[in-house]
Amino acid sequence: MSFSVNQPFRWMDSGTYQESPLEPLIRDEALTASMQNASASPVIHLWVYDQALYLGRRDAKLPHLEKALHQFGKDGFGCVLRSSGGACVPLDAGVLNLACLLPDTAISIDSFFAFVADLLRVGLRDYGTLQFGEVAGSYCAGEYDFSILGKKIGGMAQRRTRFGSILQLCINVDDRPRGEWMKRFYELAGLDEMDNHKPIPHIDASTIGSITSLTNQTVTVDDVKERLLAAIRTQWPVAPTPFTVQDELVDESRHHLSNRLRLFAYTAKELAASDWRLPE
């Protein structure tokens, strides 16, 4: 690790979102914008979105993306184009999202991934031994997939902002047909019609798992939150803190993501409307 934690992490839970799926990403952005002063402390931000497709930039080239999103809207999924790397991931009430936010823009990409991998190994050790590395055939497959018994339960992506670094990850807690959802999404969106610039090679639904399915236990998102906090606190300073961020920074971050980075977001109701179209 190329950096040291000089202040306790603020452990902040902003709850469950069901309106615009861009809102939790706005909170991440606003939290890093609050790291402008020299005494800023790192943050671990937890949240849940029920339910949406979190698209990567790669997915924007899918030939029938509009058709696929419209159908998934009818099935109860919203969508958002996110700013961090990777391809599409499905989020629902059984997926825990965690963002590690550092007041540090100089940390290398590999060092940041390695640090958060250590956090996860400790935080999820009660559920088994985590392996890190690409799970071929999974959605949003990449070097920093993490798995138990060869089945992917989550992945990580990161980005830099002017005042800090954000690493975002998701953990599949309960068992839902996420692999099947993604296989159908890419079939509808025309993945097989693409010769170049594919967001992923293919989807094999059997490569995806969850903590519940791989431990044969009934595990909830709240269970994982509690165990993560208890385990991480054995090795790193962590201070549970009510979620708070300045309204002005939230408004600025919403404008930055929507207008400058041109990230789009829609609720399921909006996607399902007969006159909905992707922005040009």
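How many aromatic pairs does a search of the whole structure find? The search finds 13 aromatic pairs. The model is predicted. In it, an open sheet of eight strands and an open sheet of four strands are found, and the structure holds zero disulfides. The largest nonpolar core has 56 residues, and another core, of 41 residues, lies apart from it.

**Eight-stranded sheet**

- The strand order in this open sheet is β7-β8-β9-β10-β6-β2-β1-β11, and the pairing is mixed.
- β7 (131-132) and β11 are the edge strands, each pairing on one side only.
- Strand β1 covers residues 9-17 and strand β11 covers residues 238-240; the two pair in the parallel sense over three bridges. Phe 9 has Val 238 as its bridge partner in β11.
- β1 also runs parallel to strand β2 (residues 43-49), with six bridges between them. Within this pairing, Thr 16 stands opposite Val 48 of β2.
- Between β1 and β2 the chain passes through helix α1 (residues 23-33), and the resulting β-α-β crossover is right-handed.
- Strand β6 (residues 95-102) and strand β10 (residues 165-172) run antiparallel and are joined by eight bridges. Leu 98 is set opposite Leu 169 in β10.
- In a regular strand, side chains alternate between the two faces of the sheet.

**Helix α1**

- Of the 11 residues of α1, 11 are buried, so the helix is largely enclosed by the rest of the structure.
- The buried residues of α1 include the charged-type names Glu 23, Arg 27, Asp 28 and Glu 29, as well as Pro 24, Leu 25, Ile 26 and Leu 31.

**Four-stranded sheet**

- This open sheet has the order β5-β3-β4-β12, again with mixed pairing.
- β5 (89-91) and β12 (265-266) stand at its edges; each has a single partner strand, so one side of each is left without a neighbour in the sheet.
- Strand β4 (residues 78-81) runs antiparallel to β12, and two bridges join them. Val 80 of this pairing stands opposite Ala 265 in β12.

**Trp 47 and its surroundings**

- Trp 47 is placed in strand β2 and is buried, with a relative accessible area of 4%.
- Setting aside neighbours within four places in sequence, the contacts of Trp 47 include Ser 14, Gly 15 and Tyr 17, then Pro 24, Leu 25 and Asp 28, and also Tyr 54, Leu 91 and Val 95.
- The rings of Tyr 17 and Trp 47 have centres 6.4 Å apart and planes at 90 degrees, so the pair is edge-to-face.
- Tyr 17 lies in strand β1 and Trp 47 in strand β2, so this ring pair ties together parts that are 30 residues apart in sequence.
- Tyr 17 is buried too, with a relative accessible area of 12%.
- The C-alpha atoms of Trp 47 and Val 135 are separated by 25 Å, and the two residues are 88 residues apart along the chain.

**Nonpolar cores and the aromatic cluster**

- In soluble globular proteins, nonpolar side chains tend to be buried together.
- Within the largest nonpolar core, of 56 residues, those with the most contacts are Leu 53, Tyr 54, Leu 55, Leu 69, Phe 185 and Tyr 186.
- The other core, of 41 residues, has Phe 113, Val 116, Leu 119 and Leu 169 among its members.
- Ring pairs link Phe 72, Phe 77, Trp 181, Phe 185 and Tyr 186 into a cluster.
- Not counting residues up to four places away in sequence, Tyr 186 touches Asp 59, Leu 62, Ala 87, Cys 88, Leu 191, Pro 199, Ile 200 and Ile 203.

**Cysteines**

- A disulfide is a covalent bond between the sulfur atoms of two cysteines. The structure holds zero of them.
- Cys 88 is in no disulfide: its nearest cysteine sulfur, that of Cys 140, is 8.3 Å away, against a cut-off of 2.5 Å.
- Cys 88 counts as buried, at 0% relative accessibility.
- For Cys 100, the closest cysteine sulfur is in Cys 170, and at 15 Å it is too far for a bond.
- Cys 100 also counts as buried, at 1% relative accessibility.

Notes: Residues are numbered from 1 along each chain as its sequence is written. This is a predicted model: local features need pLDDT of at least 70, side-chain atom pairs count only at pLDDT 80 or more; totals for chains, interfaces and linings use all residues. Side-chain values use heavy atoms; hydrogens and water are left out. Buried means under 20% relative accessible area, exposed over 50%, partly exposed in between (1.4 Å probe, protein chains only). A nonpolar core is a set of buried Ala, Val, Leu, Ile, Met, Phe, Trp, Tyr and Cys residues joined through side-chain atoms within 4.5 Å. Contact means heavy atoms within 4.5 Å. Two strands pair if DSSP finds at least two bridges between them. A crossover is right-handed if, with the strands pointing away from the viewer, the path from the first strand over the helix to the second runs clockwise. Rings of Phe, Tyr and Trp (its six-membered ring) pair if their centres lie within 6.5 Å; planes under 30 degrees apart count as stacked, over 60 as edge-to-face and the rest as tilted.
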